[in-house]
Amino acid sequence: LTAGALPAGLSLAAATGVLSGTPMQPGTFPITIQALDAADAANAVSQAYVLTIAATPPAVSLTSPLHGATLVGPPVALAATATDADGTVTRVDFYANATVVGSAAAAPWSMTWDPVAPGTYRLTAVASDNDGLTTVSAAADVTVLAPVTIDTVALPQAQVAAPYAVTLVATGGTGVYGWTLTAGALPSGLSLAAATGVLSGTPMQPGTFPFTIQAQDAADAANAVSQAYVLTIAATPP
């Protein structure tokens with residue numbers, strides 16, 4: 001080596017001309033190397049080089065949600081870890097089905113995805129560093145479900161000794177629900193079908209009866225909602 005300096009981590013083998021090692025820093029390095037005939041010192045020549053060492057791209061991993069997860073949203077929390085061995089991570093972008101849904105400009109690399117429609121999504125995180133290099137994380141395929149809601153907000157009036165039947169309606173989740181009475185008591189003669197949400201029977205006494213019914217997604221116990229009702233049962237007309 002007759003001019004310049006080799007980047008840290010590289011060396012030149014004098015006997016073989018092998019330039020090797022593990023470069024420790026990015027940049028552009030001008031150097032001049034001479035080849036000299038071992039039998040004749042006057043028989044020599046030099047060659048100028050410019051060695052470019054690219055920066056190390058960042059590392060990124062999508063940590064939440066995990067691959068295969070079923071989520072209830074909105075909102076949906078997205079999070080990643082990101083590091084850069086020779087610099088700093090400047091931004092992490094989050095993608096759903098190849099469309100950016102948001103970004104984080106500082107650690108912790110996370111965001112809240114809202115709004116988000118129910119559906120199936122392939123999620124990735126893309127980290128960018130101070131050298132302009134980017135890395136895409138491994139993908140996570142997830143399913144987003146809507147929260148369960150009960151659409152039946154009031155019950156029609158019933159009458160003593162007259163058959164009564166109302167089908168409670170829910171939406172969201174997987175579409176299959178379990179129905180339970182969580183507060184109060186049904187009037188004598190009425191019952192709630194756990195699998196269908198049908199409130200039916202023949203009421204045996206007049207009055208006003210408050211109670212609360214819960215609809216729960218059959219595939220996710222946490223995706224549930226309750227609705228308070230007041231059922232009025234009229235007396236038997238003369």
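**Figure 1. Thr28 stands opposite Thr52 of strand E5 in an antiparallel strand pair.** The model is predicted; local features require pLDDT of at least 70, side-chain atom pairs count only at pLDDT 80 or more, and totals for chains, interfaces and linings use all residues. Residues are numbered from 1 along each chain as its sequence is written, and side-chain values use heavy atoms, with hydrogens and water left out. Strand E4 (residues 27–36) and E5 run antiparallel and are joined by 10 bridges; two strands pair if DSSP finds at least two bridges between them. Strands (E, at least two residues) are DSSP runs numbered from the N terminus. The open sheet comprises 3 strands in the order E1-E4-E5, with antiparallel pairing. Strand E1 (3–4) and strand E5 (44–53) are at the edges with a single partner strand each, so one side of each has no neighbour in the sheet.

**Figure 2. The largest nonpolar core contains 24 residues.** A nonpolar core is a set of buried Ala, Val, Leu, Ile, Met, Phe, Trp, Tyr and Cys residues joined through side-chain atoms within 4.5 Å. Buried denotes under 20% relative accessible area, exposed over 50%, and partly exposed the range in between (1.4 Å probe, protein chains only). The members that touch the most other members are Val92, Phe94, Trp113, Tyr121 and Leu123. At least two residues of this core come from each of strands E6 (59–64), E8 (76–83), E9 (89–96), E11 (109–113), E12 (119–129) and E14 (140–145). A second, separate core has 21 residues, among them Val160, Val166, Tyr229 and Ile233.

**Figure 3. Trp113 and Tyr121 form an edge-to-face aromatic pair.** The ring centres lie 4.9 Å apart, and the planes meet at 80°. Rings of Phe, Tyr and Trp (its six-membered ring) pair if their centres lie within 6.5 Å; planes under 30 degrees apart count as stacked, over 60 as edge-to-face and the rest as tilted. Both residues are buried, Trp113 with a relative accessible area of 6% and Tyr121 with 14%. Leaving aside residues up to four places away in sequence, Trp113 touches Pro75, Val76, Leu78, Ala96, Val101, Tyr121 and Leu123, where contact means heavy atoms within 4.5 Å.

**Figure 4. Phe211 and Tyr229 form a tilted aromatic pair.** The ring centres of Phe211 and Tyr229 are 6.3 Å apart and the planes stand at 45°, so the pair is classed as tilted. The pair links distant parts of the chain, with Phe211 in strand E22 (residues 207–217) and Tyr229 in strand E23 (residues 224–234), 18 residues apart. Phe211 is buried at 2% relative accessibility, and Tyr229 is buried at 4%. A search of the whole structure finds 3 aromatic pairs.

**Figure 5. Two cis peptide bonds involve Pro74.** One joins Gly73 and Pro74, with omega about 0°; the other joins Pro74 and Pro75, with omega about -5°. Pro74 is located in the loop between strand E7 (70–72) and E8, as is Pro75.

**Figure 6. Asn97 and Ala161 have positive phi values.** Asn97, which is not a glycine, has phi of about 50°. Asn97 is found in the loop between E9 and strand E10 (99–104) and is partly exposed, with a relative accessible area of 42%. For Ala161, also a residue other than glycine, phi is near 70°. Ala161 belongs to the loop between strand E16 (158–159) and strand E17 (164–167) and is exposed, with a relative accessible area of 55%.

Notes
Helices (H or I, at least four residues) and strands (E, at least two) are DSSP runs, numbered from the N terminus.
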